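Student: Could you walk me through one part of this model in detail? I'd like to follow a single stretch closely and then see how it fits with its surroundings.

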Amino acid sequence: MSKKTDSNVYTIIFAIAMVIVVGGLLAFTASALRPRINNNERLEKQQNILYAMGVNANDASSAVFVSTAEAPELFSKYITKQLVIQAGEVSEDENAYLIDVKKEQASAKAGNARRLPLFVGNKDGKTFYIAPIRGKGLWDAIWAYVAMDENMVVQGAYFDHKGETAGLGANIKQRYFMDDFIGESLMSNGEFKGITVAKGNNDPKNERKDDNKVDAIAGATITGDGVTAMLKSELKQYVPYFENLKNN
Amino acid sequence: MGLLSKKDAALIKDPLADNNPITIQVLGICSALAITAELEAAIVMSVSVLFVLGIGNVVISLMRNIIPSKIRIIVQLIVVAALVIIVDQVLKAFAYELSKTLSVFVGLIITNCIIMGRFEAFALANGPWRSFLDGIGNSLGYGVILIIVAFFRELLGAGTLLGFKVLGDPIEKTGVYAFGYENNGFMLLAPMALIVVGIIIWIQRSRNTALVEDH
């Protein structure tokens with residue numbers, strides 16, 4: 001190879017040029033595609049929320065959302081109210097579903113009062129309260145949309161993850177795991193207890209609905225523990241709202 | 001292969017057998033462990049690597065005479081990372097569902113040692129066409145092993161293939177489960193991937209003893 005490419009000056013110029021070209025290319029792609037990506041993410045949130053309250057296109061075993069084309073229409077049809085709970089104050093906000101739970105968690109850590117979004121849905125005369133929550137799995141973030149009734153009994157749940165192990169932790173978004181939560185109560189004798197993803201539950205068909213436990217996925221202990229911790233710490237913050245609901 | 005000269009055809013064929021990136025060069029083991037618990041994940045990963053390695057090899061090959069040798073590894077990393085991120089962004093905008101399936105693999109592709117290994121060992125010294133064939137050949141060789149490993153792990157570990165319950169339902173006790181068969185949960189854990197890869201290496205080397213290393 002020629003001497004030219006070995007010189008320090010050439011190396012530095014090449015490095016600078018490379019950074020500018022690649023950086024420019026990435027910045028251009030990212031900003032040019034941003035509106036489309038944002039729109040896709042918005043539709044996905046609507047699909048997730050609808051999924052949790054049972055508005056979906058599920059077949060016998062796999063989880064299927066309503067199509068992106070129908071999502072906005074169904075969302076405004078089934079979601080009757082979007083609430084934001086902040087320091088005990090409840091207000092309505094029609095864009096509450098766009099609240100970034102991750103940012104709210106960070107701002108709560110910094111000492112601010114966290115904004116808790118809660119979506120009130122109505123389907124076939126039944127009222128659902130859907131909370132978006134977020135926690136940590138084994139490798140990266142996990143999050144969920146949990147639909148509850150006024151007694152904090154789970155009516156439906158949608159779990160998702162950023163990078164859990166395929167075939168193990170990633171199975172939290174499979175129906176056989178998510179559907180186990182339906183009918184489980186987050187309360188026990190009037191106290192908030194959460195739902196534990198338990199090994200050795202001896203209840204693989206999940207017939208005991210009053211034990212605050214669902215069966216864990218074999219080989220995905222840390223992801224399961226993450227789900228347990230997420231449900232406990234996040235949904236606990238909604239307890240005052242549900243208590244108020246009952247008292248009024 | 002009438003289209004390719006004998007030498008070019010060897011670029012595709014060798015990595016599939018006697019110069020396999022996983023079993024002979026022992027590269028890409030990390031992703032072979034991570035994503036072979038499920039057949040579908042293994043296929044998605046194989047296709048992604050095929051794409052990235054094919055294009056990446058061509059890009060590096062075209063740049064081979066202007067890359068300063070002192071920083072060539074960094075340049076290779078930037079090329080592969082930029083490629084993967086651009087593809088990821090485009091998919092997020094135009095094929096959102098697909099991008100969600102792939103998002104798990106983005107990090108695994110960038111750090112896949114086969115990709116860096118082929119850039120360094122082949123693309124830096126060869127023309128774009130031959131580099132392209134080399135990239136395709138090596139990612140096919142990688143994919144074949146991944147799919148074989150995933151086939152056995154998913155079948156024996158979960159009793160399914162591509163999510164279909166081919167052996168019956170373990171909870172309802174149908175199919176082979178009615179006779180007392182149980183899934184081997186150990187197959188789903190990472191150590192079994194290594195053992196399965198080890199068995200493939202053993203079979204391959206005992207069929208062709210020329211492949212056995214001296215040391």
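Tutor: Happy to! Two strands are said to pair when DSSP finds at least two bridges between them. Keep in mind throughout that this is a predicted model.

With that in hand, look at strand 1 of chain A and strand 2 (residues 89–92) of chain A, which pair in the antiparallel sense over four bridges. One place to see this pairing is Leu83(A), whose bridge partner in strand 2 of chain A is Glu92(A). The two strands form a hairpin with two residues between them, and Ala87(A) in that hairpin takes a positive phi near 50°. Strand 1 (residues 79–86) of chain A also runs antiparallel to strand 3 (residues 115–123) of chain A, and seven bridges join these two. Here, Ile79(A) has Gly121(A) as its bridge partner in strand 3 of chain A. If you inspect side chains along these strands, remember that in a regular strand they alternate between the two faces of the sheet.

Now step back along the sequence to helix 1 of chain A, which I'd suggest as the part to study closely. This helix covers residues 8–52 and includes Gln47(A). Helix 1 of chain A is not straight: at Arg34(A) there is a bend of about 55°, with a proline, Pro35(A), following within four residues. Just after the helix, Gly54(A) takes a positive phi of about 90°.

Which residues of helix 1 of chain A are buried? They are Asn40(A), Gln46(A), Gln47(A), Asn48(A), Ile49(A), Leu50(A), Tyr51(A) and Ala52(A). For context, buried residues make up 33% of the 248 residues in chain A.

Let's take Gln47(A) from that list. Why does Gln47(A) count as buried? The cut-off is 20 or more other C-beta atoms within 10 Å, and Gln47(A) counts as buried because it has 24 C-beta neighbours inside 10 Å. Setting aside neighbours within four places in sequence, the residues in contact with Gln47(A) are Phe65(A), Val66(A) and Ala71(A). Leu74(A) is worth a look too: it is 27 residues from Gln47(A) in sequence, while their C-alpha atoms are 9.1 Å apart.

Ala52(A), also among the buried residues of helix 1 of chain A, takes us into the nonpolar core. In the largest nonpolar core, which has 95 residues, Ala52(A), Met53(A), Ile130(A), Val146(A) and Ala157(A) touch the most other members. The element that gives the most to this core belongs to chain B: its helix 3 (residues 39–62), with eight residues. Apart from neighbours within four places in sequence, Ala52(A) has contacts that include Ile130(A), Tyr145(A), Val146(A) and Ala157(A). Tyr145(A), Val146(A) and Ala157(A) also fall within residues 137–238 of chain A, which an unreviewed UniProt entry annotates as "domain: FMN-binding". That span is 19% helix and 25% strand, and its end C-alpha atoms lie 22 Å apart.

To place all this in the whole chain, chain A has six helices and ten strands. Among its contacts between residues at least 6 apart in sequence, 57% join residues at least 24 apart. As for the partner chain, 27 residues of chain B are in contact with 28 residues of chain A. On the chain B side, helix 4 (residues 72–94) gives the most, with nine residues. By class, that side has 19 nonpolar, four polar and four charged residues.

Key
Residues numbered from 1 in each chain as written. Chains lettered and ligands numbered in written order. Predicted model: local features only at pLDDT ≥ 70, side-chain atom pairs only at ≥ 80, totals over all residues. Core = buried A, V, L, I, M, F, W, Y, C linked by C-beta atoms within 7 Å. Buried ≥ 20, exposed ≤ 12 C-beta atoms within 10 Å, placed from the backbone. Contact = placed C-beta atoms within 7 Å. Nonpolar A, V, L, I, M, F, W, Y, C, P; charged D, E, K, R; others polar. UniProt positions renumbered as here; feature names shortened; annotations may be inferred. Bend = angle between axes of the 7 residues up to and from the residue.
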